[in-house]
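Student: Please take me through one part of this structure closely. I would like to look at the nonpolar core and the aromatic rings.

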Amino acid sequence: MGSLAGLNQLDYLTDYHGQLAFIYTGRIGYHFGSHWTYGYRTSATFGAFCGNMVKKKRVRLIAEMARKIRAYRELKNRPTESQRYALDYETMTRPFTGKTLPVLAWEDVRRESRLFTLLASMRMFGVGRIFTRKSWLEEHIEPCYWKITKVKVDYTAEDMDHGKAWGVMTFKGKQEDKEREVENAMHHDWRLLPKHEEADFTRFEPVPEPPIRYVIYPPLLRAMILAQKGLSTTEEPMLPLRRDILLSKEYFRNQDQERQRQRQAGEGTPV
């Protein structure tokens with residue numbers, strides 16, 4: 001066996017497949033029979049050496065296949081949209097969940113339509129048309145509507161009146177930049193906007209919002225102001241955001257005089 005006199009700075013010692021390998025800070029030595037072979041350590045040599053020492057992960061093919069089968073069965077047995085949102089119009093309950101609709105919604109359920117009830121009877125399932133809701137027409141003066149861009153129909157439904165729809169929403173005259181899935185498509189208050197009324201309905205000039213001039217005081221400061229005024233006051237104290245004050249020498253002189261007057265009133269009249 002060769003001499004180890006020239007080797008220094010020993011970092012690691014291991015026995016790998018019957019070969020002794022000494023890893024040093026600057027170089028690596030391998031023992032082959034009665035000879036020592038030295039070579040300067042590089043990143044590739046060191047990485048390959050350490051990679052052989054890592055225990056490989058055991059591949060369990062049967063367990064992986066069983067996991068995929070379970071995921072497929074869960075996806076296949078998942079209830080469809082028509083099963084989840086089916087409604088018994090006599091009892092106003094959903095058979096799948098057993099929940100009863102709110103009493104205030106019964107009138108709209110009998111008179112109004114769902115979104116996919118309207119889409120199923122239209123050409124190309126209403127892509128490109130504009131739909132609004134009864135609640136929006138009653139609550140907002142500004143135009144609120146959806147413009148349908150994509151529809152995915154549930155073909156397993158009896159009348160193909162279930163599925164998902166995507167579109168661009170305009171709420172209170174402000175149009176969104178990206179399309180997204182239509183919300184509350186199963187509510188019974190959707191209405192189709194006739195084509196000859198689309199231009200007039202969507203035409204809107206936003207009114208500039210008035211600037212905010214007053215805000216509410218912070219809670220602690222508000223409580224202090226109300227305590228000074230007394231409990232009999234009903235007026236809410238408001239903090240003005242803008243004050244039109246002419247900052248002249250006379251203004252600061254009056255402020256100093258008022259401050260001195262308050263100090264003398266608190267200390268009393270000197271004798």
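Tutor: Here is the core, followed by the rings.

This is a predicted model, so local features need pLDDT of at least 70, side-chain atom pairs count only at pLDDT 80 or more, and totals for chains, interfaces and linings use all residues. Residues are numbered from 1 along each chain as its sequence is written, and side-chain values use heavy atoms, with hydrogens and water left out.

A nonpolar core is a set of buried Ala, Val, Leu, Ile, Met, Phe, Trp, Tyr and Cys residues joined through side-chain atoms within 4.5 Å. Buried means under 20% relative accessible area, exposed over 50%, partly exposed in between (1.4 Å probe, protein chains only). The largest core here has 15 residues. Leu 115, Leu 119, Phe 131, Trp 146, Ala 165, Val 182 and Trp 190 touch the most other members. Two or more residues each come from α5 (115–119), β6 (145–153) and β7 (163–171). The largest share, four residues, is from α5. Helices (H or I, at least four residues) and strands (E, at least two) are DSSP runs, numbered from the N terminus.

Take Trp 146. Beyond its neighbours within four places in sequence, Trp 146 has contacts (heavy atoms within 4.5 Å) that include Phe 131, Trp 136, Val 182 and Trp 190.

Now the rings. Rings of Phe, Tyr and Trp (its six-membered ring) pair if their centres lie within 6.5 Å; planes under 30 degrees apart count as stacked, over 60 as edge-to-face and the rest as tilted. The whole structure has four aromatic pairs. Tyr 251 and Phe 252 pair edge-to-face, 5.4 Å centre to centre, with 75 degrees between the planes. Ring pairs also link Trp 136, Phe 171 and Trp 190 into a cluster.
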